[in-house]
Amino acid sequence: MSKKDYYGVLGVSKSDSKDAIKKVYKKLALKYHPDRAPEEKKEEYEEKFKEISEAYAILSDEDKRKQYDSLGHGAFDQRYSQEDIFRGSDISSILRDLFGSSFSGGSGESNFGEDLQYGLTIDFEEAAFGCEKEIEIKRNILCDLCEGTGAEDKRLEKCNKCNGEGRVAVNLKTHFGIFRQAIICSKCAGDGNIPKQKCRECNGKGIISKRKKIKIGILQGIDNGQILRVGGEGNAIKYGENGDLLIVINVRPHKFFTREGDDIYLEFPISFSQAALGCKVSVPTLSGSTKIKIPAGTESGTILRLRGGGVKNVSAYRIGDQFINLKVKTPKKLSRRQKKLFMELESS
Ligand SMILES: [Zn+2]
Ligand SMILES: [Zn+2]
């Protein structure tokens, strides 16, 4: 058995709640359940599945978790047998919830294809004002030649491995007998039927990978790191619904502006005399430029606010402000006349 730290195995932290850990376990169990392993990765998945199940069994049990935290991995491992570890855990019921529908022939609950992720980089202004982008993704779709049946003439016959059940009863070779259950038939992938003659386009899988261009409407006010979910543009699966496409937004930095929430910030240099005497200057804004009045005697670091000069909130009708941080440039070289003037100022 693995000597890896249980928290590390699940990728959770010591302060995470039982519920949070359960969520993570469900996700990982869905991913690594041996039923779902590609043929060449069966062993790897089974090993991983054991690892996460063991980690979950410990961390979901308050007493065992406490023991584990205080004893450390090595001592805990010696003291607890595999039976102890899984005693009383709710893993069986979680797995029934997760996989129950596919075991009972796909009634009721729907199956979803994988979500896809796409990183999209846009300009600062595009994020501020919204835009439309066209992207190209590669994703799984139902084969159009056989309409997803896997048979070019669409004629199917009963799978002889599972006798049309779509699943076969096996003993999963794990340390815990509780996973003796029906698994998806590897020959028909759970369909119960196989094509009489395999489709040449998809080799009988019913699914092919294809590129597609998609237009994405980027909402006004979207910010760096936000994720747009485009429903149904993820991977397709047979007898289920498409996954979603997740667009992860990356906003290029702006030449002048930085953004915090809906507000934007600008550092604006003014000369010593502009600061001392006051003036009107033209400053860049998101929509172009505007004139602002700088009062006489302005100090470096003074911040002026242009109400409504920021970004429209992405989900509410609210507009941020623009803040202008005035930086007074101290003259590096002074003429004799300037020096005399400054000295007079100093003594006044
Ligand atoms: Zn096909
Ligand atoms: Zn079968």
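These legends walk through several close-up views of a predicted model.

**View 1. The protein chain, domain by domain.**
Start with the overall layout of this predicted model. The domain assignment splits the protein chain into domain 1 (6-103), domain 2 (111-139 + 208-252) and domain 3 (257-347). Domain 2 is written as two stretches of the chain, 111-139 and 208-252. The views below refer back to these bounds.

**View 2. Where domain 2 meets domain 3.**
Measure from centre to centre, using C-alpha atoms, and domain 2 and domain 3 come out 39 Å apart. Their contact draws on 10 residues from domain 2 and 10 residues from domain 3. Together the two domains bury about 820 Å² between them, and 65% of that is on carbon and sulfur atoms.

**View 3. The largest nonpolar core.**
Here we look into the largest nonpolar core, a group of 34 residues. The members that touch the most others are Ile 122, Ile 135, Ile 218, Ile 247, Ile 249 and Phe 268. Both domain 2 (111-139 + 208-252) and domain 3 (257-347) supply residues, so this core lies between them. Apart from it there is another core, made of 27 residues, including Ile 21, Tyr 56, Ile 58 and Ile 85.

**View 4. Ile 135 and the residues around it.**
Now zoom in on one of the well-connected members of that largest core, Ile 135. Which residues does Ile 135 touch, not counting those up to four places away in sequence? They are Tyr 118, Leu 120, Lys 212, Lys 213, Ile 214, Ile 216, Leu 245 and Ile 247. Ile 247 also appears among the core members that touch the most others.

**View 5. The zinc ion (ligand 1) and its four cysteines.**
Four SG atoms hold the centre of this view: those of Cys 143, Cys 146, Cys 199 and Cys 202, the protein donors of the zinc ion (ligand 1), lying 2.3 Å from it. The angles among the four donor atoms run from 102 to 117°, and the site is tetrahedral. Along the chain, the donors follow the spacing C-x2-C-x52-C-x2-C. Cys 146 and Cys 202 link distant parts of the chain, 56 residues apart. Cys 146 comes from the loop between β2 (131-142) and β3 (156-158), while Cys 202 comes from the loop between β6 (193-195) and β7 (207-218). Are these two buried or exposed? Cys 146 and Cys 202 are both buried.

**View 6. The zinc ion (ligand 2), another site with four cysteines.**
This time the protein donors are the SG atoms of Cys 159, Cys 162, Cys 185 and Cys 188, at 2.2 to 2.3 Å from the zinc ion (ligand 2). What makes the arrangement around this zinc ion tetrahedral? The four donor atoms subtend angles of 102 to 118°, which makes it so. The spacing of these donors along the chain is C-x2-C-x22-C-x2-C. Cys 185 and Cys 188 are both buried.

**View 7. Two positive phi angles in the loop between β2 and β3.**
Stay with the loop between β2 and β3, where we find Glu 147 and Lys 154. Glu 147 is not a glycine, but its phi is positive, near 55°. Lys 154 isn't a glycine either, and its phi is about 65°. Glu 147 is exposed, at 56% relative accessible area, whereas Lys 154 is partly exposed, at 39%.

**View 8. Glu 233, a buried residue in a loop.**
Glu 233 sits in the loop between β8 (227-230) and β9 (245-251). Its relative accessible area is 16%, so it counts as buried, the cut-off being under 20%. Setting aside neighbours within four places in sequence, Glu 233 is in contact with Leu 116, Ile 137, Arg 139, Lys 212, Ile 214, Gly 243, Asp 244 and Leu 245. Two of these, Lys 212 and Ile 214, are touched by Ile 135 as well.

**View 9. Phe 129 in helix α8.**
Look for Phe 129 in helix α8 (residues 124-129). Phe 129 is partly exposed, with a relative accessible area of 43%. Beyond its neighbours within four places in sequence, Phe 129 is in contact with Gln 220 and Leu 286. The C-alpha atoms of Phe 129 and Leu 219 are separated by 7.8 Å, with their positions 90 residues apart along the chain.

**View 10. Thr 290 in strand β13.**
Finally, strand β13 (residues 288-294) is home to Thr 290. Thr 290 counts as partly exposed, at 28% relative accessibility. Not counting residues up to four places away in sequence, Thr 290 touches Val 281, Ser 282, Val 283, Thr 285 and Leu 306. From Thr 290 to Ser 89, 201 residues apart along the chain, the C-alpha atoms are separated by 65 Å.

Definitions and conventions: Residues numbered from 1 in each chain as written. Chains lettered and ligands numbered in written order. Predicted model: local features only at pLDDT ≥ 70, side-chain atom pairs only at ≥ 80, totals over all residues. Heavy atoms only, no water. Core = buried A, V, L, I, M, F, W, Y, C linked by side-chain atoms within 4.5 Å. Buried < 20%, exposed > 50% of the residue type's maximum accessible area, 1.4 Å probe, protein only. Domains from an automatic or database assignment. Contact = heavy atoms within 4.5 Å. Donors = N, O, S within 2.8 Å, 3.2 Å for Na, K, Ca; no water. Tetrahedral: all angles 85-135°; square planar, octahedral: opposite > 155°, others 65-115°. Helix = DSSP H or I, 4+ residues; strand = E, 2+ residues; numbered from the N terminus. Buried area = accessible area lost by both parts, 1.4 Å probe.
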